[in-house]
Every structure is written in structure tokens, then in C-alpha cells.
Amino acid sequence: MNSLIRLSARCLRSGAQVCLPRQGNGLVWSGSARFLSASADLQKDLGEMVKKDKVVVFMKGTPAQPMCGFSNAVVQILRMHGVDDYAAYNVLEDQDLRQGVKDFSNWPTIPQVYFNGEFVGGCDILLQMHQNGDLVEELKKLGISSALLDAEKESK
């Protein structure tokens, strides 16, 4: 019990946010990964983190307050498609996480987006998928109906 209290206190001191409510009754999970330990453990933990939710984003800042334009673009693209229920990890809170996710994906930049545990890409890839319609199809595979499709149906 004491270790749970110590862990909770450490997470709170690090500024971890557990859950941010979003419109549409969706939830955006946002947290610090400061609890992650050594490099080998970090890679294992990252593997578990990306599989825990259908959509996972490693970003600078939080969905409520992105700290770079590329992270903001990813949040806005997901919002346009009505994706409100996703895990978001702020890499600015933990340099080990920031470098670890780059090593994990073999992708040099942040943000990074994962669907069902599979690396999708960064802002440029997500934007391209949005523009050519592939994102709607990928979301459909996840069981997520894009809000853009719903808006298109309503306009007809």
C-alpha cells in the first residue's frame, strides 16, 4: 500500500494528468511515463502502451494544450474525424520516453501515432492520410466511424 501511495505521489509531482474529459463523452487519456524504468524495460512498456488503446499519440504537450504545431495538427486532424477517445503521452515530461519512443518506432520525430499497436507515422503521414481519405478507412478498421463521413451523409 505504501508503494502505491509513493508511486501516486511521484506521478502527481511529475505533473501527470490521468484523464482529460472531452466533448462527446469521450475520454482522452494523458499521462506521464516517468514510472517507466531502464531502457529494456522502457521498450517493453512502450510495446504495452501502444497496444493498450486503439489510438495512441506520443506528442509534445497534451491534447488540451499542445506544445508544438505538429502535435497540434495531429490533435486537430483526430478532432475533425471525431476521435476523442485516445491515449496521449506528453514526451516533454520525460526525456527517456521522448528518446525511447523514437527508438521504439525507428522514427526520428514527435508526434507519433499508433493504431491498434501499429506505428502509423507522424504529423506528415497522418495529414496525408487525412487528405487522401485513407484515414477514414483506417479508422473504420478500428471500429471508429469518422465524423467527416457522418457530416457527408447529413449534407446529402
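Where does Asn106 lie? You'll find Asn106 in the loop between α4 and β5, and we'll come back to that loop below. First, a quick heads-up: what you're looking at is a predicted model. The protein has seven helices and six strands, and 42% of its 156 residues count as buried.

**The overall layout**
- Starting at the N terminus, the elements go α-β-β-α-β-α-β-α-β-β-α-α-α.
- Take the contacts with a separation of 6 or more: 61% of them are between residues 24 or more positions apart.

**The nonpolar cores**
- The largest nonpolar core holds 19 residues, and Val55, Val57, Leu78, Tyr86, Phe115 and Leu126 have the most contacts inside it.
- Two or more residues of this core come from each of β3 (55-59), α3 (69-80), β4 (86-90), β5 (112-115), α5 (123-132) and α6 (134-141).
- Helix α3 gives the largest share, four residues.
- There's also a second, separate core with 13 residues, including Leu46, Phe58, Val91 and Leu97.

**The loop between α4 and β5**
- Asn106 has a positive phi of about 60 degrees, even though it isn't a glycine.
- Asn106 counts as exposed because its relative accessibility is 70%, and the cut-off for exposed is over 50%.
- Pro111 also sits in the loop between α4 (95-105) and β5.
- The peptide bond leading from Ile110 into Pro111 is cis, with omega near 15 degrees.
- As background, most residues other than glycine have a negative phi, and most peptide bonds are trans.

**The loop between β5 and β6**
- Asn116 lies in this loop, just named, with β6 covering 118-121.
- Asn116 is another non-glycine residue with a positive phi, near 50 degrees.
- With 47% relative accessibility, Asn116 counts as partly exposed.

**Ser146, a buried loop residue**
- Ser146 is in the loop between α6 and α7 (147-155).
- Its relative accessibility is just 1%, so Ser146 counts as buried; the cut-off for that is under 20%.
- The Ser146 side chain reaches the backbone nitrogen of Leu148 at 3.1 Å.
- Setting aside neighbours within four places in sequence, Ser146 is in contact with His81, Val136 and Leu139.

**The second largest pocket**
- This pocket has a volume of about 160 Å³.
- Its lining is made up of Asp53, Lys54, Val55, Gly82, Val83, Asp84, Asp85, Gly143 and Ile144.
- Sort those lining residues by type and you get three nonpolar, two polar and four charged.
- Val55 turns up twice in this briefing: it lines this pocket, and it's among the residues with the most contacts inside the largest nonpolar core.

Technical notes
Residues numbered from 1 in each chain as written. Predicted model: local features only at pLDDT ≥ 70, side-chain atom pairs only at ≥ 80, totals over all residues. Heavy atoms only, no water. Core = buried A, V, L, I, M, F, W, Y, C linked by side-chain atoms within 4.5 Å. Buried < 20%, exposed > 50% of the residue type's maximum accessible area, 1.4 Å probe, protein only. Polar contact = N/O pair within 3.5 Å; in protein donor to acceptor, adjacent residues only side chain to side chain. Contact = heavy atoms within 4.5 Å. 1 Å grid on protein atoms, 1.4 Å probe; cavity = no way out; pocket = protein on both sides within 12 Å on 5 of 7 lines; lining within 4 Å. Points joined across faces, edges and corners; volume = space filled by probe spheres on them. Nonpolar A, V, L, I, M, F, W, Y, C, P; charged D, E, K, R; others polar.
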